[in-house]
Amino acid sequence: MADYHFVYKDVEGASTQWDDIQRKLGNLPPKPPAFKPPPFEPAPDPDSAPKDKSWVDAKTEDELDELEDDLDDDRFLEEYRKKRLAEMKEAAKVSKYGSVMQISGSDFVREVSQAPQDVWVVVFLYKEGSPECGLLLRCLDELAIKYPATKFVKIISTECIPNYPDRNLPTLLVYHNGAVKANYVGLHSFGRRCTPEGVALVLCKSDPVLNDAQSGSEQAVLEGIRRQFIEKVVTEHEDDEGGSSSD
């Protein structure tokens, strides 16, 4: 008859009374902790996440378009989705500008005359190597960054207007809805000292030419331009007085 030997293996982590006595006497190592499996946590489900403003903010423009039918039952989120979508489209429109773009005569109609109806266009006529043109261009470069919803372009004067006299440079033309709304001939048009603040004030003298896409209203933009101009004048006055006193 076959001889069967059975080996009994206790539950992992279990201990006999004899083992416990031996451990107290130091004859056996400490009892290892009983194994406990980690608690079960189901994988997060994106569709079950709470739908709030932060959930909408995390969506891209394409995803917001696709959500139109899903949010019909939640009026608040649907209204917020529309608001965020409008903000993103406005930001995309603004990002087209932000610098003084070089154009040629063949680009003029497309870039200036056919610009979107709600966009003001500032056209800079210049000549290479002219110090006066260089000074005004530096001012326009700064304004283009500060007011990215306004379109700034530059073009060599004779490409825009054949035989345009150099004595009239630099010249700024302001367009809106395909029509000339203002023109400024010569550097003296912008005051004794040509500064970005002074150029901004002149451009907005009669029309809301500059738009930062953030202030919320034309009046707010104009008030900001006036405040910056006054601060610049005060700073220059203090610098002049400081220089005179040191002499």
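**Notebook: surface, then sheet**

I started with the surface: the protein exposes about 16800 Å², and carbon and sulfur atoms supply 52% of that area. Note to self: this is a predicted model.

Next I looked up burial. Of the 247 residues in the protein, 32% are buried.

Then I checked contacts with a separation of 6 or more. Residues 24 or more positions apart account for 65% of them.

On to the secondary structure. I found 9 helices and 5 strands. Reading along the sequence, I noted the pattern α-α-α-α-β-α-β-α-β-α-β-β-α-α.

How are the strands ordered in the sheet? I traced an open sheet of 5 strands, and the order is E1-E3-E2-E4-E5, with mixed pairing. A reminder I jotted beside it: strands of a sheet pair through backbone hydrogen bonds, either parallel or antiparallel.

Which strands stand at the edges? They are E1 (100–102) and E5 (179–185); each has a single partner strand, so one side of each has no neighbour in the sheet. I also looked up the twist, which averages 25° from one strand to the next.

I zoomed in on one edge. E1 pairs with E3 (residues 151–156) in the parallel sense, over 3 bridges. Within this pair, I found Val 100 opposite Phe 152 in E3.

Last, I asked what helix H6 touches in the sheet. H6 (residues 131–146) packs on the sheet and touches E1, E2 (120–126), E3 and E4 (171–176). I wrote down its angle too: the direction of H6 makes about 160° with that of E2.

Terms used. Residues numbered from 1 in each chain as written. Predicted model: local features only at pLDDT ≥ 70, side-chain atom pairs only at ≥ 80, totals over all residues. Heavy atoms only, no water. Helix = DSSP H or I, 4+ residues; strand = E, 2+ residues; numbered from the N terminus. Buried < 20%, exposed > 50% of the residue type's maximum accessible area, 1.4 Å probe, protein only. Contact = heavy atoms within 4.5 Å. Areas by Shrake-Rupley, 256 points an atom, 1.4 Å probe, with all protein chains shown as cover. Pairing = 2+ DSSP bridges. Axes fitted to C-alpha atoms, helices over the stretch in contact; angles between N-to-C directions.
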